[in-house]
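Colleague: I'm new to this structure and would love a close look at one part of it. Could you take me through the place where the protein meets the DNA, and then show me what lies around it?

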Amino acid sequence: MALYGGIELPGKPDLDNVRRLDVLPIPMVMDMMRYGFAVDREHLRRVGSELGREMAELRAEICSYIPVEKLDEFIHRSNLDADDTYLPMNVDSNVQLAELLYRVLGVGNGKVLKRTKGGGQVSTGRRQLEQLKAEHPVVQKCLDYRERAKLKNTYCDALPELARLHPRGGCWCGLTHECETWRVHTQLLLTRTTTGRPASKNPNLQNISVRSKWGAEIRRGFVASPGTVLVSVDFAQIELRILAMVSSAVKLIETFQTDGDPHMTTAMEAFGITDPDKVDKIMHRAPAKNVNFAVVYGESAKGLLEQLTSDTYGKAGLPVPDWLTLEWCEQFIAKWFEIYPEVREYIEKQHYRARRYGLVWDQVGRIRRIPEVRSVHNRVVAAGLRQASNMPIQGFASELLKLAMAEVHTEVVRVVRDAGVWCQPLVPVHDELVLEVDEGWGETVMGLVVGVFEGVLRDKGTGEEWEGGGGVPVKADGKVMGRWEK
DNA sequence: TATCGCCGCGCC
DNA sequence: AAACGGCGCGGCGATA
């Protein structure tokens, strides 16, 4: 069946479709790189100085936990902090932090401490610290410091250096602007990843913070140019929808066909709840949502346990429920596969392909070689098999965004520009597209882009939905805003 | 001083 | 032994 741009679905693992999909988004991608994303340097400067104040406080507090008699073991390092005040240790050094926590303060005594992958040092990662924060008040300080340091270093200090001034009357990118704005010009890479996703660098605009309070504040530093608004459109639950398509999981398809919430469905099925009002967000929906996402990646019970304790409960500042054990996670995952048994068949099919052919492919025929399956190390084989089941999902999702980008470029951006309206795509974020649009046209363009996204699997000739989709509708959400926020 | 591997972590 | 897929980036510490 012919789809937009001559893409045929499902594609065989030859390269015709793939070549098209590597090429189709190029006009839009060039536009994005050339035009850049406006940043509010004053906003980032203000956030940065606040973060800097909090960091200095946290640094001092952390150092104050060094016992007096141990001070000389640290002080010889002559660590100098940003304010030219001497501190006994460098809190940014994981080596020194591990020494303080585990050797000097004895945090985690008697526990088997996780070690890092490469060098085998005792880990000071967030996952580890979350487990230990009840033992000593310094641990939470370290977590708070880390969050602030990451944001300040990356976005308040480094990123503005990448922003270039675009003065009135023209600039190096060849475009004229009506007023002075600072813009960052990301580089988008279309052939970098093994799954088909575009990658972004210098700066990476695909991992701008948003979740935490401070993270959201950072993202607000990305703004629409004067006289314009930001339009953001994203596919709703696209990877789960694709999982439903490729596995034909009945319960999953049913949920999407009735416009239901898949996390809610999983929760109700797994816990045997019939009344939606009885689904508790923390106790039922959170673990259900976690498994819904993680099963695509091949997550283990141990992984689920860590995810839930560290992120869902730990990072959210919620108490970890006592029923949350490794056994509980094992049973929950088992229950998940009872609800969606077709998914197990899908996973096994990808494993078979990886072992039989040494490669897997997604619905457009993009291939990923999985040489790991020939390894003599079970760990390596297992990692390869996880990649094998994940790639067709992540890959196909990325193809849909690229297809949508191409159509937005020709059917929306060009058309709207021809009508004399400012319309500039800024960045793709895996399942989302951000554009800058004349402020009077935000809602209109948003609607058009949502339409393109939702019709991405529709044959442009006949209007028929792709039969390989198993009746799963593609849905998209749109937003109009003055600053980039969730 | 420049470079590299490691660690940790932001996003989807 | 490891246990979650795909990325890029900043700081540290070792090395050249």
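Modeller: Happy to! Let's start at a single spot: a backbone N or O atom of Gly118 sits 2.6 Å from a phosphate oxygen of DNA strand B. Please keep in mind that this is a predicted model. Arg126 also uses its backbone here, with an N or O atom 2.6 Å from a phosphate oxygen of DNA strand B. Arg197 reaches a base instead: an N or O atom in the side chain of Arg197 is 2.8 Å from a base oxygen of DNA strand B.

Now step back to the whole surround of that strand. There are 27 residues around DNA strand B, and those that come nearest are Thr116, Gly118, Gly119, Thr124 and Arg126. Of the atoms of DNA strand B that come within 4 Å of the protein, 81% belong to sugar and phosphate. By type, the residues of this surface are three nonpolar, 14 polar and 10 charged.

Next comes the other strand, DNA strand C. Here 36 residues surround the strand, and the closest are Ser93, Ser300, Gln307, Arg368 and Arg386. Sugar or phosphate supplies 76% of the atoms of DNA strand C within 4 Å of the protein, while bases supply the rest. The residues near DNA strand C comprise four nonpolar, 20 polar and 12 charged.

Three side chains are good places to zoom in. Arg368 has a polar side-chain atom 2.5 Å from a phosphate oxygen of DNA strand C. For Arg192, an N or O atom of the side chain is 3.2 Å from a phosphate oxygen of DNA strand C. Gln394 offers a polar side-chain atom that lies 3.1 Å from a sugar or linking oxygen of DNA strand C.

Which elements carry this surface? Helix H7 (137–162), strand E5 (199–201), helix H13 (301–315) and helix H16 (378–418) each supply at least two of the residues near DNA strand C. Among the contributors, H16 gives the most, with five residues.

Helix H13 deserves a longer stop. H13 has 15 residues and spans 19 Å from its first C-alpha to its last, close to the 21 Å expected at 1.5 Å a residue. If you follow the helix along, you will find a kink of about 35 degrees centred on Leu308. Is H13 enclosed or open? Because 11 of its 15 residues are buried, H13 is largely enclosed by the rest of the structure. The buried residues include Ala301, Gly303, Leu304, Leu305 and Glu306, and Leu308, at the centre of the kink, is also buried. Helix H6 (126–132), helix H12 (281–294) and helix H14 (326–339) are among the parts that cover the buried residues of H13. After H13 comes Gly317, whose phi is positive, near 70 degrees.

Strand E5, another supplier of the surface near DNA strand C, leads us to a pair of backbone features. Asn202 lies in the loop between E5 and helix H8, and its phi is near 55 degrees, a positive value in a residue other than glycine. The peptide bond from Asn202 to Pro203 is cis, with omega near 0 degrees. Pro203 also has its place in the loop between E5 and H8 (213–219).

You can look for similar features elsewhere in the chain. Leu9 and Pro10 are joined by a cis peptide bond with omega about -5 degrees, and Pro10 lies in the segment before helix H1 (16–23). Gln237 has a positive phi near 50 degrees, again in a residue other than glycine. You will find Gln237 in the loop between strand E6 (228–235) and helix H9 (238–247), where it is partly exposed, with a relative accessible area of 26%.

One last stop is Asp40, in the loop between strand E1 (37–39) and helix H3 (41–64). Asp40 has a relative accessible area of 18%, so it counts as buried. Its side chain makes a polar contact of 2.9 Å with the side chain of Arg483. A polar atom of the Asp40 side chain also lies 2.9 Å from the backbone nitrogen of His43. Setting aside neighbours within four places in sequence, Asp40 is in contact with Gly221, Val223 and Arg483.

Technical notes
Residues are numbered from 1 along each chain as its sequence is written. Chains are lettered from A and ligands numbered from 1 in the order in which they are written. This is a predicted model: local features need pLDDT of at least 70, side-chain atom pairs count only at pLDDT 80 or more; totals for chains, interfaces and linings use all residues. Side-chain values use heavy atoms; hydrogens and water are left out. A residue is near a molecule or strand if one of its heavy atoms lies within 4 Å of it. A polar contact is a pair of N or O atoms within 3.5 Å; within protein, one must be able to donate a hydrogen and the other to accept it, and residues adjacent in sequence count only if both atoms are side-chain atoms. Helices (H or I, at least four residues) and strands (E, at least two) are DSSP runs, numbered from the N terminus. Ala, Val, Leu, Ile, Met, Phe, Trp, Tyr, Cys and Pro count as nonpolar, Asp, Glu, Lys and Arg as charged, and the others, Gly among them, as polar. The expected span of a helix is 1.5 Å times one less than its number of residues. The bend at a residue is the angle between axes fitted to the seven residues ending there and the seven starting there. Buried means under 20% relative accessible area, exposed over 50%, partly exposed in between (1.4 Å probe, protein chains only). Contact means heavy atoms within 4.5 Å.
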